[in-house]
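Subject: Structure for your review

Dear colleague,

Please find below the structure that I agreed to pass on to you. My account of what was found in it follows directly after.

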Amino acid sequence: MSKVKYYYDPDTLSYRKIEPKKSKRYRNLFLFLVGSALFGFLGLIILLNTRWVNTPKELSLEREVRNYELQYDILNRKMEQMEQVLANIEERDNNIYRLYFEANPIPEEQRRAGFGGINRYKSLEGFNNSEIIINATKRLDIIQKQMVIQSKSLDEIAKLAEEKEKLLASIPAIQPISNEDLTRMASGYGWRSDPFTKARKMHWGMDFTAPRGTPIYATGDGKVTRADNRSSGYGKHVRIDHGYGYLSLYGHMSKYNVTVGQKVKRGDLIGFVGSTGRSEAPHVHYEVFKDGERINPINFYYGSLTAEEFDNMLKLANQENQSLD
């Protein structure tokens, strides 16, 4: 309730009530409304400013979020690099290593397969950035699985390489007599004239002529299974089991330099040229077996002949001349 104001009238010697003018009332009302509007506007500005200007805690949280985003970008780039490197290794593994060692390639779906069954990422749900976290975790899990698969594959390749090395060392791949000691390649694999009956007969090996006592060498790594003269026609001969289905035979020796059960390496001295058994002149009769079947030895001389020497031997081996045994 507004206060009533009075003034002293000297004419009437009494107090009279002050009656405010209407214009003053309107002015006061206007000032009140303007003041209220101004204060309201200032209050709104203050309210908005409190939203635009973050508190120290909010600023700290924002910096932390930006740091996490930066770390995620770095992690994402690293995962992309890892995926590229793995893809390159997997391509070489399937198209070079496994192909060379005759192993089946690992299917793409096996390398890229995810994880079925229970939800492995349930504990990561319910956060503001759950989708990003779950996707990153899934990618890391798949990369880890790819690395495990690739590691096992390389272990397998290492074993295959070791076996391949043994195989290559075991295959009969050189001549039983060195070129320096060789007089000539007298007869090859195929139909030849028998030196005793003159009848056309299958000759199952190759005859290398050389002076009596010339060293004879093992053509591949293996184990001596026979060193005797108890096989018809071969005289004193040696047989070496090379494994992997390969066996080599050296006939008509003058003497042995190995015993049964002895392990030999390619190039080891196993005996000396002679003319024992069914033989017309000093030479070594050489045969190669694969899985129990005789095969042409000329296909295995990649370890000791040049291309020119091999071509010359091929021509001589194909001549249907007379064999020496």
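In this predicted model, strand E7 (residues 215–217) and strand E12 pair in the antiparallel sense over three bridges. Within that pairing, Ile216 stands opposite Gly271 of E12. Strand E10 (residues 246–256) also runs antiparallel to E12, and three bridges join the two. Here Tyr256 is the residue that stands opposite Gly271. Gly271 of E12 is thus faced by Ile216 and by Tyr256. Strand E12 spans residues 269–273, and four of its five residues are buried, so the strand is largely enclosed by the rest of the structure.

From E10 the pairing can be followed to further strands. Strand E9 (236–243) pairs with E10 in the antiparallel sense over six bridges, and Asp241 stands opposite Leu247 of E10. On strand E8 (residues 222–228), the pairing with E9 is antiparallel as well and comprises five bridges. Val224 has Ile240 of E9 as its bridge partner.

Thr225 belongs to E8. What does Thr225 touch, leaving aside residues up to four places away in sequence? Its contacts are Arg239, Ile240, Asp241, Leu247 and Val260. Two of these residues, Asp241 and Leu247, are the ones that stand opposite each other in the pairing of E9 with E10. Arg239 lies 14 residues from Thr225 along the chain, yet the C-alpha atoms of the two are separated by 5.6 Å. Thr225 has a relative accessible area of 33%; this falls between the 20% limit for buried and the 50% limit for exposed, so Thr225 is classed as partly exposed.

Two residues deserve attention for their backbone angles. Tyr244 is located in the loop between E9 and E10. The hairpin of these strands has two residues between them, and Tyr244 takes a positive phi near 60° there. Tyr244 is partly exposed, at a relative accessible area of 36%. His252, by contrast, is found in strand E10 itself. His252 also has a positive phi, of about 65°, although it is not a glycine. Is His252 buried or exposed? With a relative accessible area of 1%, His252 is buried.

The remaining findings concern the helices. Helix H2 (residues 56–100) and helix H4 (residues 130–170) have axes that come within 10 Å and cross at roughly 25°. Angles under 35 degrees count as roughly parallel, and H2 and H4 are therefore roughly parallel to each other. The crossing in which H2 passes H4 is left-handed. By class, the contact between H2 and H4 has 15 nonpolar, four polar and eight charged residues.

Ser170 lies in H4 and offers a link back to the strands. Not counting residues up to four places away in sequence, Ser170 touches Gly220, Asp221, His242, Tyr244 and Arg266. Among these contacts is Tyr244, the hairpin residue with the positive phi described above. Ser170 has a relative accessible area of 9% and is buried, whereas its contact Tyr244 is partly exposed.

When you open the model, I would suggest starting at Gly271, opposite Ile216, and then turning to Ser170 and the residues it touches.

With kind regards

Conventions:
Residues are numbered from 1 along each chain as its sequence is written. This is a predicted model: local features need pLDDT of at least 70, side-chain atom pairs count only at pLDDT 80 or more; totals for chains, interfaces and linings use all residues. Side-chain values use heavy atoms; hydrogens and water are left out. Axes are lines fitted to C-alpha atoms, for helices over the stretch in contact, and angles run from 0 to 180 degrees between N-to-C directions. Angles under 35 degrees count as roughly parallel, over 145 as roughly antiparallel, 65 to 115 as roughly perpendicular and the rest as oblique. A crossing is left-handed if the near helix is turned anticlockwise from the far one by less than a right angle, and right-handed if clockwise. Ala, Val, Leu, Ile, Met, Phe, Trp, Tyr, Cys and Pro count as nonpolar, Asp, Glu, Lys and Arg as charged, and the others, Gly among them, as polar. Buried means under 20% relative accessible area, exposed over 50%, partly exposed in between (1.4 Å probe, protein chains only). Two strands pair if DSSP finds at least two bridges between them. Contact means heavy atoms within 4.5 Å.
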